[in-house]
Amino acid sequence: MSTGASSRSRLATKRRTSGRDRPSGHLQDVVDIALSRVLKQSSLSWGAGVTGAFVAEAMSRRYPDVVVVDRRSPGAGSTSAFTALLQWEIDIPLVDLREEISTRNASRTWKRSFRATQDLVRLVERENIRCQLERRNSPYLVGNTAGHIKLVEEARVRKVAGLPCEYIDGTDLKARFGVARTGAIVGTRSAVTNPVALTRGLLRRAQANGARIFPLT
Ligand SMILES: Cc1cc2nc3c(=O)[nH]c(=O)nc-3n(C[C@H](O)[C@H](O)[C@H](O)COP(=O)(O)OP(=O)(O)OC[C@H]3O[C@@H](n4cnc5c(N)ncnc54)[C@H](O)[C@@H]3O)c2cc1C
């Protein structure tokens, strides 16, 4: 994602060297010239995947002439492969991250991830974006990478950091989720969504604020 004049020269270079989905030859040159005129004085969001859509929606609330370009259709990149989970739990357990970057920084990192997820859900609800968004709990199971003792400790340090979770034992896990393991951390306030519908909904909001979208360019 980038903005401003420096993006325009990169756009021209990249467009000539990559992509099978776009026009070629003379038509390509015409498109390049037209697009470079559009991009003058514009704020550019590069890519119409879920990231570009969030950026475009946010920029369109602050800047008058936002332009989104993508060589594919909106949401047709890795966004279309997304398995729909909007989890605030990040990949590295908090107990491990504390060892790497200190307790304070690890807690801040995890809390930021939590806040970002909640902000995302609030934005979708406020803007009434229809993307099958639903709140869900997310169980993190005892398994090969983390045993019972480590997960009990992980749940404890998450709670100390103010993150909403609880450790449940195997009986509770079976009753609530139908999964046979010795235990799990259950985090609350995660969500699921349809990522392509979310992307298109955000782009529609950006368009309503005056942004212009150029797919297949
Ligand atoms: C199998 C799988 C499952 C996943 N599951 C989840 C999940 O459950 N939860 C989760 O949070 N994340 C998940 N992810 C990760 C998630 O899909 C990505 O983080 C997310 O889609 C990235 O979105 P993006 O907008 O950054 O990228 P993309 O959706 O790939 O968008 C980038 C866009 O930029 C365009 N583009 C790139 N280069 C150029 C160029 N030079 N000129 C013009 N256009 C260009 C592309 O065409 C594309 O449309 C999963 C990923 C995979 C592969």
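**Exercise 1. Which strands does H3 lie across, and at about what angle does H3 run to S1?**

Let's start with the setting: you are looking at a predicted model.

*Step 1.* Find the helix. H3 covers residues 50-62, and the chain as a whole has eight helices and seven strands.

*Step 2.* Find the strands beside this helix. H3 lies across S1 and S2.

*Step 3.* Read the angle. H3 runs at about 165° to S1. Angles here go from 0 to 180 degrees between N-to-C directions, so a value of 165° means that the two directions are close to opposite.

**Exercise 2. Work out the order of the strands in the open sheet of three strands.**

*Step 1.* Begin at the edges. S1 (43-46) and S7 (212-214) each pair on one side only.

*Step 2.* Fill in the middle. The order is S1-S2-S7, with parallel pairing.

*Step 3.* Zoom in on one pair. Four bridges join S1 to S2, and Trp46 stands opposite Val69 in S2. As background, strands of a sheet pair through backbone hydrogen bonds, either parallel or antiparallel.

*Step 4.* Add the twist, which averages 20° from one strand to the next.

**Exercise 3. Describe the largest nonpolar core and say which helix gives the most to it.**

*Step 1.* Name the central members. This core has 17 residues, and Ala56, Val66, Val68 and Leu203 touch the most other members.

*Step 2.* Trace the suppliers. H3, S2 (66-69) and H8 (195-208) each supply at least two residues, and H3 gives the most, with five.

*Step 3.* Follow one residue. Leaving aside neighbours within four places in sequence, Ala56 is in contact with Ser45, Val66, Val68, Leu202, Leu203, Ala206 and Ala211.

*Step 4.* Look elsewhere too. A second, separate core of 16 residues includes Ala106, Val142, Leu151 and Leu173. Here is a general pattern to keep in mind: in soluble globular proteins, nonpolar side chains tend to be buried together.

**Exercise 4. Describe the residues around the ligand, by position and by class.**

*Step 1.* Pick out the nearest. Of the 20 residues around the ligand, Gly47, Gly49, Thr51, Gly77 and Thr79 come nearest.

*Step 2.* Ask where the largest share of the shell comes from. The answer is H3, with three residues.

*Step 3.* Sort by class. The shell has eight nonpolar, eight polar and four charged residues.

**Exercise 5. What share of contacts between residues at least 6 apart in sequence joins residues at least 24 apart?**

*Solution.* Among these contacts in the chain, 74% join residues at least 24 apart. For burial, 30% of the 217 residues count as buried.

Technical notes:
Residues are numbered from 1 along each chain as its sequence is written. This is a predicted model: local features need pLDDT of at least 70, side-chain atom pairs count only at pLDDT 80 or more; totals for chains, interfaces and linings use all residues. A residue is buried if 20 or more other C-beta atoms lie within 10 Å of its own, exposed if 12 or fewer, and partly exposed in between; C-beta atoms are placed from the backbone. Two residues are in contact if their C-beta atoms, placed from the backbone, lie within 7 Å. A residue is near a molecule or strand if its C-beta atom, placed from the backbone, lies within 6 Å of it. Ala, Val, Leu, Ile, Met, Phe, Trp, Tyr, Cys and Pro count as nonpolar, Asp, Glu, Lys and Arg as charged, and the others, Gly among them, as polar. A nonpolar core is a set of buried Ala, Val, Leu, Ile, Met, Phe, Trp, Tyr and Cys residues joined through C-beta atoms within 7 Å. Two strands pair if DSSP finds at least two bridges between them.
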